[in-house]
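Dear colleague,

I am passing on a structure that is new to you, and below it I set out what was found when it was examined. Please keep it open beside this message as you read.

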Amino acid sequence: MGTGPSERRQSPRFAVDLRVEFRHLGRPQDSYADVARDISAGGLFVDTTVALEIGTELALEVTPGPASSPIVFRAIVVRVEEQAGETGSKATTRTRGMALRFVDSPDRNPELARLVGLAQQMQQAHAHANKKR
């Protein structure tokens, strides 16, 4: 049995496409906006070219829609993924995204429970739409 991320995952991951704003807590003037690509009860993956140090704590905000109130929470950088640059050189890489672990759990934080529930609904709606095709 392997020990890759899929074998260690304790909760299902839901594919999403949500705009997320995040701010480095140690440098509040540094804020960014990118797209979350998947969410689970333990954390999320953000497509970004920003590479913060592992262990960095962030304040995040997701606004699910124009009529929805923002979902505010904190997370810690646990992995930074890179990909080879377009030059083909091994020395040229760029950040592809960051894996973030929630500081709280959805069981203890109603905002995170709302975010994970929204992610699950988005994936179910996407699967339903694909069945109709």
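Helices, in what follows, are runs of at least four residues that DSSP assigns as H or I, and they are numbered from the N terminus. In that sense Gln-123 belongs to helix α2, and I return to this residue towards the end. Please bear in mind throughout that this is a predicted model.

To begin with the overall layout, the protein contains 2 helices and 6 strands, and along the sequence these follow one another in the pattern α-β-β-β-β-β-β-α. Of the 133 residues in the protein, 32% are buried, while the surface that the protein exposes comes to about 8,400 Å², with carbon and sulfur atoms supplying 49% of that area. If one takes the contacts between residues at least 6 apart in sequence, 54% of them join residues that are at least 24 apart.

The strands at the start of the sheet can be described pair by pair. Strands β1 and β2 pair in the antiparallel sense over 8 bridges, and a hairpin of 6 residues joins β1 to β2; within this pairing, Arg-19 has Val-35 in β2 as its bridge partner. Strands β2 and β3 also run antiparallel, joined by 4 bridges, and they form a hairpin with 3 residues between them. Here Asp-38 stands opposite Phe-45 in β3.

Turning to the interior, it is a general tendency of soluble globular proteins that nonpolar side chains are buried together. In this model the largest nonpolar core has 26 residues, and those with the most contacts inside it are Ile-39, Phe-73, Leu-100 and Leu-115. Strands β1 (14-24), β2 (31-39), β3 (43-47), β4 (57-62), β5 (71-84) and β6, together with helix α2 (110-132), each supply at least two residues of this core. Leu-100 may serve as an example of how such a residue is surrounded: when residues up to four places away in sequence are not counted, Leu-100 touches, among others, Leu-44, Val-46, Leu-58, Leu-60, Ile-76 and Val-78.

The structure also holds 2 aromatic pairs. One of them is formed by Phe-73 and Phe-102, whose rings are arranged edge-to-face, at 5.4 Å centre to centre and with 90 degrees between the planes. This pair links distant parts of the chain, since Phe-73 is in strand β5 and Phe-102 is in strand β6, 29 residues apart. Phe-73 and Phe-102 are both buried.

Three individual residues deserve a closer description, and I take Gly-97 before the others. Gly-97 lies in strand β6, which covers residues 93-102. Is Gly-97 buried or exposed? Its relative accessibility is 0%, and because buried means under 20%, Gly-97 counts as buried. Leaving out residues up to four places away in sequence, Gly-97 touches Phe-45, Val-46, Asp-47 and Thr-48, and also Arg-79, Val-80 and Glu-81. Gly-97 and Arg-37 are 60 residues apart in sequence, and their C-alpha atoms are 9.5 Å apart in space.

His-24, for its part, lies in strand β1, and with a relative accessibility of 12% it too counts as buried. Which backbone nitrogen lies 2.9 Å from a polar atom of the side chain of His-24? That nitrogen belongs to Gly-26, and the backbone nitrogen of Arg-27 lies 3.0 Å from a polar atom of the His-24 side chain. Apart from its neighbours within four places in sequence, His-24 is in contact with Asp-30, Leu-52, Thr-56, Glu-57 and Leu-58.

Finally, I come back to Gln-123 in helix α2. With a relative accessible area of 30%, Gln-123 is partly exposed. The residues that Gln-123 touches, not counting those up to four places away in sequence, are Arg-13, Phe-14 and Ala-15, and the Gln-123 side chain reaches the backbone nitrogen of Ala-15 at 2.6 Å. Although Gln-123 and Val-16 are 107 residues apart along the chain, their C-alpha atoms are separated by 6.8 Å.

With kind regards

Notes: Residues numbered from 1 in each chain as written. Predicted model: local features only at pLDDT ≥ 70, side-chain atom pairs only at ≥ 80, totals over all residues. Heavy atoms only, no water. Buried < 20%, exposed > 50% of the residue type's maximum accessible area, 1.4 Å probe, protein only. Contact = heavy atoms within 4.5 Å. Core = buried A, V, L, I, M, F, W, Y, C linked by side-chain atoms within 4.5 Å. Phe/Tyr/Trp six-rings, centres within 6.5 Å; stacked < 30°, edge-to-face > 60°. Areas by Shrake-Rupley, 256 points an atom, 1.4 Å probe, with all protein chains shown as cover. Pairing = 2+ DSSP bridges. Polar contact = N/O pair within 3.5 Å; in protein donor to acceptor, adjacent residues only side chain to side chain.
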